[in-house]
Protein chains: 2
Amino acid sequence: MARNTADALSRERIVGAAVELLDAAGEGGLTFRALTERFKTGPGAIYWHVANKDELLAAATDAVLAGPAVVAEGASPEEAIRAVALGLFDAIDEHPWLAAQLSRGPFRSVTLGIFERIGQQVQALGVPFEAQFTSASALMSYIVGAARQNAVNAANAAIARTTQPGLDRTTFLATEASAWRSLDPAEFPFLHDIAAQFRDHDDRAQFLAGVDLILTGITALRPPG
Amino acid sequence: MARNTADALSRERIVGAAVELLDAAGEGGLTFRALTERFKTGPGAIYWHVANKDELLAAATDAVLAGPAVVAEGASPEEAIRAVALGLFDAIDEHPWLAAQLSRGPFRSVTLGIFERIGQQVQALGVPFEAQFTSASALMSYIVGAARQNAVNAANAAIARTTQPGLDRTTFLATEASAWRSLDPAEFPFLHDIAAQFRDHDDRAQFLAGVDLILTGITALRPPG
DNA sequence: ACCTGAACACCGTTCAAGT
DNA sequence: ACCTGAACACCGTTCAAGT
């Protein structure tokens, strides 16, 4: 016990500092140097509590995802799925580094927990047994994939903003949209046509609309009656 | 001209070597040291042809995605979308490092090209104008997200195989599935129930089933008649 | 049991100097 | 115009040594 208890290093404090570093500067912001400076110690002290950087990232992911995802009591299965999806969307939006962690493999315990929750609602929807795994997998892929894409876009926008101050979301979308509209309509009819929809779209609404498309597809699998 | 033309370094040759290194050992396998060894030169020579590692990764992505994605002439919009989706799925399966590149932002030219192709088919499906952007975005998110997840799983399996030889896909799925089945059915009813479906699932079929769920949702947006 | 801090083997990138 | 190769400022990780 070289330190008093207030100063004492612990796995918990290290994970907490890791989350702060990740939130502040992304995955590149979490380094063992930064942690040693923060705790005024050497790398060996960190390694005593944590096996390596991968394990630290996994622990940070668990810590951040431990809290939320409460679903209202009287909610329908569709509403419950939307709530889980939005919970993940917002968590990744707040902690963009989560995205890379969640796709590390579906066999991390947090990811399995989310898959279970989605699957339960798929069962509650009355989807035939043989189609349940496929349905839940499609939802899971979409939710993680789309939330991830949103986080990457947000992170890119933040980076762009450091070099071009004043480039907020609105002006970015407007610039990109006008580039689309000036594409050759013969070669890029779609991008040309929907430029304005892209300019005016809302990320969360867009994300939820995708969930609803899949839900429509899934409920169509139910036997009639 | 310090070298003869056969030896001459060029952006093209560097990108080609980068693809080989990426295929052989993933994103971590592409280093400037490896490239200098390959071409028996110094890092400055590489930097003369290529701005930095990011640009090299982007060029490698473009090179790999330049070839394929031909869609049969008489194909229906649904078939064309499935073809684009499967083309990307297979490309990512063959070059897992593509996954990280594709989600770098939807504003890289390759990604925009794929989005355009999907969007054209969405228009061909007769989706109302206001819903076209949403529909194409959902498809794009799912396709990239699910293909990405598949690549990550494949890469993880390959890594696991280096430490545990003989751990092929079948035995891995069987082990994981039996772990799911032994979960408490009260806490994990879904995972417990569908363990066998997970064990027996086919990755490509699973991926395509998800595309079809979204297609069902999209076609339901069409006005009746 | 917990921490120190020097050291190792890597990275991407730069740049004066050569031809 | 193109290439050389030493050097810089970083990484994650290890490990003998201390308390």
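So, chain A and chain B bury about 4400 Å² between them, with 68% of that on carbon and sulfur atoms. Buried area here is the accessible area (1.4 Å probe) that two parts lose on being put together, summed over both. Phe133(A), Phe190(A) and Leu213(A) supply 18% of what chain A buries against chain B, more than any other three residues.

Quick word on the model. It's predicted, so local features need pLDDT of at least 70 and side-chain atom pairs pLDDT 80 or more, while totals for chains, interfaces and linings use all residues. Residues are numbered from 1 along each chain as its sequence is written, chains are lettered from A in the order in which they are written, and side-chain values use heavy atoms, leaving out hydrogens and water.

Back to the interface: 53 residues of chain A are in contact with 53 of chain B, contact meaning heavy atoms within 4.5 Å. How many residue pairs are in polar contact between chain A and chain B? There are 12, both partners at pLDDT 80 or more; a polar contact is a pair of N or O atoms within 3.5 Å, and within protein one must be able to donate a hydrogen and the other to accept it, with residues adjacent in sequence counting only if both atoms are side-chain atoms.

Now the DNA. Around strand D there are 18 residues, and Arg33(A), Tyr47(A), Lys53(A), Thr41(B) and His49(B) come nearest; near means a heavy atom within 4 Å. A polar side-chain atom of His49(B) sits 2.6 Å from a phosphate oxygen of strand D. On chain A, a polar backbone atom of Phe32(A) is 3.1 Å from a phosphate oxygen of that strand.
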